[in-house]
Amino acid sequence: MKKNLLKPMTALFLASALLFSFISKPERSNFSGEWKLNEGKSDLGQFAGFATRTIKTDQKNDSIAIARTAPGFDGNEATSMETLTFDGKEKESTLFGNSKRKATAKWSDDGQTLTFNYTLMLDFDGQVTEVKGVEVWSLTDGGKTLVVQNNSSSSFGDLATKSVYEKK
């Protein structure tokens with residue numbers, strides 16, 4: 001009796017293994033590249049003058065390195081850099097002076113959007129303001145356009161912006 005069951009069980013196991021070998025995770029969007037803000041297509045709100053103008057990214061299988069360049073409070077350009085892993089671990093980076101950003105990165109189930117949960121500790125001459133937010137990245141136009149939806153909350157109030165970047 002055991003021999004009679006062994007053959008069908010082995011065939012079922014092999015068929016299942018073969019079937020699952022062809023199933024893979026969905027293809028993730030690739031955000032690597034240099035991106036330039038298109039102000040005309042963006043909705044930047046009251047802080048438009050300080051919006052990130054360019055983003056440079058280098059995406060790997062397990063992480064993404066991001067360099068953001070924006071006008072600084074002193075009139076010069078300021079670039080902040082961070083590298084986030086896709087394992088959900090929080091990473092801290094320095095924005096400017098003593099201001100810090102703590103963030104995590106998480107893929108959507110379909111691999112098409114990347115969500116950053118962050119906390120900014122903005123330090124202006126010892127006066128610290130905390131900003132909590134969520135930033136969602138997605139690609140449109142065949143990967144030529146990066147759309148960044150940002151929702152944040154602080155003592156200044158709630159802010160929702162949409163930044164549209166075109167690939168250089």
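**A guided tour: one cavity and several rings**

A search of the whole structure finds 1 cavity of 30 Å³ or more, and since you are looking at a predicted model, please read everything below as a description of that model. The space in the largest cavity comes to about 30 Å³.

**First stop: the cavity lining**

To see what surrounds this space, select Arg68, Ser80, Met81, Glu82, Ser93, Leu95 and Arg101, which line the largest cavity. Sorted by character, the lining residues divide into 2 nonpolar, 2 polar and 3 charged. Which strand gives the most to the lining of the largest cavity? Colour strand S4, residues 77-85, and you have found it, for this strand gives the most, with 3 residues.

**Second stop: from the cavity to a ring**

Keep Arg101, one of the residues that line the largest cavity, and add Tyr118 to your selection. The charged end of Arg101 sits over the ring of Tyr118, at 4.7 Å from the centre of that ring.

**Third stop: a stacked pair**

Now turn to the aromatic side chains, where a search of the whole structure finds 5 aromatic pairs. Select Phe31 and Trp107, whose ring centres are 6.0 Å apart and whose planes meet at 20°; planes under 30 degrees apart count as stacked, so this pair is stacked. The pair links distant parts of the chain, 76 residues apart, with Phe31 in the loop between helix H1 (2-21) and strand S1 (33-37) and Trp107 in strand S6 (residues 100-107). Are these two residues buried or exposed? Phe31 counts as buried because its relative accessibility is 0%, and Trp107 is buried too, with a relative accessible area of 9%.

**Fourth stop: a tilted pair**

Next select Phe96 and Phe124, whose rings have their centres 6.1 Å apart and their planes at 40°, so the pair is tilted. Phe96 lies in the loop between strand S5 (91-94) and S6, while Phe124 lies in strand S7 (residues 113-124), and therefore the pair ties together parts that are 28 residues apart in sequence. Phe96 is partly exposed, with a relative accessible area of 30%, and Phe124 also counts as partly exposed, at 33% relative accessibility.

**Last stop: the cluster**

Finally, return to Phe31 and Trp107, and add Phe86, Phe116 and Trp137 to the selection, because these residues deserve to be viewed together: Phe31, Phe86, Trp107, Phe116 and Trp137 form one aromatic cluster.

Methods:
Residues numbered from 1 in each chain as written. Predicted model: local features only at pLDDT ≥ 70, side-chain atom pairs only at ≥ 80, totals over all residues. Heavy atoms only, no water. 1 Å grid on protein atoms, 1.4 Å probe; cavity = no way out; pocket = protein on both sides within 12 Å on 5 of 7 lines; lining within 4 Å. Points joined across faces, edges and corners; volume = space filled by probe spheres on them. Helix = DSSP H or I, 4+ residues; strand = E, 2+ residues; numbered from the N terminus. Nonpolar A, V, L, I, M, F, W, Y, C, P; charged D, E, K, R; others polar. Phe/Tyr/Trp six-rings, centres within 6.5 Å; stacked < 30°, edge-to-face > 60°. Buried < 20%, exposed > 50% of the residue type's maximum accessible area, 1.4 Å probe, protein only. Lys NZ or Arg CZ within 6 Å of the ring centre and 35° of its normal.
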